[in-house]
Amino acid sequence: MAAPALLSPPRASPATISRHLPCRAPKTEKWNKCRLRSPELRWVSSDSTSGSSPRLPKSPFTTMCSKDASISPDTFEGKKRVWIWTENKQVMTAAVERGWNTFLFTRPELADDWSSIAMIQPLFIKDGLLVDGEEKTVATIIEVSTAEGLQRLHPEDGQPQNIVLDLLDWQVIPAENIVATFQGSQKTVFAISKTPTEARTFLEALEQGLGGVVLKAQDTEAVIDLKDYFDRRDEVRNRLSLTKASIIRISTAGMGDRVCVDLCSLMRPGEGLLVGSFARGLFLVHSECLESNYISSRPFRVNAGPVHSYVAVPGGRTCYLSELKTGKEVLVVDHEGFQRTAIVGRVKIETRPLILVETKVDSSDSHTVYSIFLQNAETVALISPSDKGNGTHGTVIPVTSLKVGDEILLRVQGGARHTGIEIQEFIVEN
């Protein structure tokens, strides 16, 4: 049978809400399946006549994550450097235990004391410079307290390889200006940060961020929080393993309170949230980034399921959809398993009709059933894998078009959880 052809989008009717993507399913056709092929997006309609499939224009929303663009062999922490400025021995111990061993000192005797109990690299603040134990200059310290002083900043050949910026008591951190000023410079620029939040601002400004931070703290929690931040950033560089599962049952399930998760980030075709009734198997629920004839595109939204469902969050954890709220982070995952974090901007809970989807994985453990409840609506979709042709493909299937025997993508993991953390424990969930 010949492949179905793409139909051109119709003229929008007066009742149609303005669309955000360059393509739309025909008004007279059902939105059945949308095939994802990096970097192209194609609509496939079951009632189309045979013919060729023209290439659609690219857009920010139709560009798929690729392995080369999304993953680097270097860790985020490996690219960023952290020095610690403290006089608290517990802070020093916490930093060393987490792999940070460069410390700033104003008192040489304190450095001698700590060097006797831990392997550290001491740097000494002296006349606006940082010097090592042999009096060799390691960095220069530049104080900036005014906008004029910030404007005069620029890389100079005579400066040391490392530059430490002290913004003194500025309340508004001009992190983006600093990153832009030193962009392309071969020097490593540090900024003195008094809190992990301030450090994160410097490390992320203009996406590139500074080369490092000097954490000036007297509380171990600051060290722990900053290390947790690095761990979360490094975690998203690991590719998740997604498994094919076959649908064994589909049934309507009455009414329930379902959760729409609206993020502070836009999602691309192929991306969504990992959601499931049981933590042992989370389904890749697609975002509403694709155009349809039923509702305008909302590339920030995932219609994720009812309140009891688990959703994947950073740190290898899960939480209930009912626990999500503004400011919480979730994992956004694409059909290839690449992941990133996103901030929840809003959560909407409304009573809607539900559908139950049950699947099994083709393996020796054929008795385990993985299930999910979803709103019974055409704009709610799962992703089916496809290995045909060159490259990685995926087919977005609305739940209203699912049938027994269809394959979808599933994240299989340990089942036992305590406050969202996976534990080794006997557990039976039905």
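How exposed is Lys89, counted by relative accessibility? At 36%, Lys89 comes out as partly exposed. Keep in mind that this is a predicted model.

## Lys89 and its partner

Lys89 doesn't sit there alone: Asp113 makes a salt bridge with Lys89, with the closest N and O atoms 4.0 Å apart. Asp113 belongs to helix H4 (residues 108-115) and Lys89 to helix H3 (residues 89-97), so this pair ties together parts that are 24 residues apart in sequence. Asp113 is partly exposed too, with a relative accessible area of 34%. Since partly exposed covers what falls between the 20% and 50% cut-offs, Lys89 at 36% fits that class.

## Other salt bridges

Searching the whole structure turns up 16 salt bridges. Among them is the one between Arg107 and Glu109, where the closest N and O atoms are 3.5 Å apart. Arg107 has a relative accessible area of 34%, which makes this residue partly exposed. Glu109 is partly exposed as well, at 47%. Bring in Glu87 and you have a network: Glu87, Arg107 and Glu109 are linked by salt bridges.

Then there's Arg340 with Glu271, whose side chains meet in a salt bridge at 2.8 Å, N to O. This one links distant parts of the chain, with Arg340 in strand E18 and Glu271 in strand E12 (residues 271-278), 69 residues apart. Glu271 is buried, because its relative accessible area is just 2%.

## Strand E11 and its neighbours

Strand E18 turns up again in the pairing around strand E11. E11 (residues 243-263) and E18 (residues 339-360) run antiparallel and are joined by 15 bridges. If you want a spot to look at, Val261 has Val347 in E18 as its bridge partner.

E11 also pairs in the antiparallel sense with strand E14 (residues 301-306), here over five bridges. In that pairing, Cys260 stands opposite Asn303 of E14. Strand E22 (residues 407-412) is another antiparallel partner of E11, with four bridges between the two. There, Ser246 has Glu407 in E22 as its bridge partner.

## A negative patch

Over on the surface, Asp219, Glu221, Asp225 and Asp228 gather into a patch of negative charge. One of these residues, Glu221, has its place in helix H8 (residues 220-235). Glu221 counts as partly exposed, with 41% relative accessibility.

Definitions and conventions: Residues numbered from 1 in each chain as written. Predicted model: local features only at pLDDT ≥ 70, side-chain atom pairs only at ≥ 80, totals over all residues. Heavy atoms only, no water. Patch = residues over 30% accessible without salt bridge, like charges linked within 9 Å, V, L, I, M, F, W, Y side chains within 5 Å. Areas by Shrake-Rupley, 256 points an atom, 1.4 Å probe, with all protein chains shown as cover. Lys, Arg positive; Asp, Glu negative; His and termini not counted. Charge placed at Lys NZ, Arg CZ, Asp CG, Glu CD. Buried < 20%, exposed > 50% of the residue type's maximum accessible area, 1.4 Å probe, protein only. Pairing = 2+ DSSP bridges.
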